[in-house]
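Here's a quick write-up to read alongside the coordinates. It goes from a surface feature to the overall fold, then on to a pocket and one residue in the interior.

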Amino acid sequence: MSQHTMASRKRKADDDDNEMSISPTGSPAINSRQLSRPSKKVRAGIELAGRPLPLPRLLETLDKSQLRAVLQTICERHPGIGHEVMVSAPRPSVNGALEVLGEYQDKLRAAIPFGNSSSEYTYFRVKQPLMALVDALGDFTPQFLPPVEQQTTVSLEYLNHATKIIHDLPDFDSQQYRHHKDGAYDEISRAWALVITEAAKRGGGFHLHNGKWDQVLAKHNQQSGGKLEQAMNAMVNEVGWVGANSNAHGQGSSSDPNSILNQLINGTYGAPVQVGPF
């Protein structure tokens, strides 16, 4: 073999070694990186199988009506839990109560037939949502009366809105279909009378005058066709300045400087009353 041939083979072998040294596949570091794969996070001891949702996740899927239905069912089955809910739940606000009553109102309006219909047909169309709304009013109203509700302004605010709801109840020609609305007027009138009587014991009913609640009640009574008579009587009999205003046909306030109203306005309530030219 010639010396030239041996030199050519040696150069080829050297070239092959160099290619091996710079080739990615020949690098030990690359080989080790290719062999190492990211480990998969597996829950130890838990086999993959179908299972119910955990309670917190299940509750996340329920809307308000579904959650309320579930809670009500549990409370009915377990009275002790029901009592705990009653004690722990915050008292409803006026806005919260009106929101619920508004939902009942919407259902009632949706049930009213279009066009001219007989009282009998209309009544049987709206009977169920009408009774549901009246029952809800009957349940919510005592919540905002003394002694449960101590703030007169809160009681009056609720009664004002509740009376408006009663005004909007359907009017029927037949008396046998009007008893729901008449009964609601009677109950709300007694509620007004109770709140007025309690308010009159606190500073002569100054809150009633300050909020012009005598005027609000008079408008409600007029719109109801005089069905709030008991409430009107309480306003006149329990709060002296209303009686004086009524005698003056609603013009101005009592002219008696020693009346409770004028004493409260002038800041002299409770001070000795001077008699004679002193």
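In this predicted model, L53, L55, L58, L59 and L67 come together as a nonpolar patch on the surface. Taken together, these leucines have about 450 Å² of accessible area. Helix 3, running over residues 55–60, gives the patch its largest share, with three residues.

L67 sits in helix 4, which covers residues 64–77. Is L67 buried, exposed or partly exposed? With a relative accessible area of 39%, L67 counts as partly exposed, because that class lies between the 20% limit for buried and the 50% limit for exposed. A residue needs over 30% relative accessible area to be in a patch, so L67 at 39% clears that bar.

Now for the fold as a whole. The chain has 14 helices and zero strands, so to speak an α pattern repeated from start to finish. Here are some chain-wide numbers:

| Property of the chain | Value |
|---|---|
| Residues that count as buried, of 278 residues | 28% |
| Contacts joining residues at least 24 apart, among those between residues at least 6 apart in sequence | 60% |
| Area exposed by the chain | about 19500 Å² |
| Share of the exposed area from carbon and sulfur atoms | 54% |

Next, the pocket. What volume does the largest pocket have? The figure is about 1100 Å³. Its lining is made up of 20 residues, and R68, M86, A89, P92 and F140 are the closest to the centre. Helix 4, helix 5 (79–88), helix 6 (94–111) and helix 7 (119–140) are the elements that each give two or more residues to that lining. Helix 4 makes the largest contribution, at five residues. So helix 4 turns up in two places: it holds L67 of the nonpolar patch, and it helps line the largest pocket.

Last stop: S189, a residue in helix 9 (residues 175–200). Why does S189 count as buried? Its relative accessibility is 2%, and buried means under 20%, so S189 falls in that class. Leaving out residues up to four places away in sequence, S189 touches K227, L228, E229, Q230 and A231. Compare the two residues by class: L67 is partly exposed at 39%, whereas S189 is buried at 2%.

Key
Residues numbered from 1 in each chain as written. Predicted model: local features only at pLDDT ≥ 70, side-chain atom pairs only at ≥ 80, totals over all residues. Heavy atoms only, no water. Patch = residues over 30% accessible without salt bridge, like charges linked within 9 Å, V, L, I, M, F, W, Y side chains within 5 Å. Areas by Shrake-Rupley, 256 points an atom, 1.4 Å probe, with all protein chains shown as cover. Salt bridge = Lys/Arg side-chain N within 4 Å of Asp/Glu carboxyl O. Helix = DSSP H or I, 4+ residues; strand = E, 2+ residues; numbered from the N terminus. Buried < 20%, exposed > 50% of the residue type's maximum accessible area, 1.4 Å probe, protein only. Contact = heavy atoms within 4.5 Å. 1 Å grid on protein atoms, 1.4 Å probe; cavity = no way out; pocket = protein on both sides within 12 Å on 5 of 7 lines; lining within 4 Å. Points joined across faces, edges and corners; volume = space filled by probe spheres on them.
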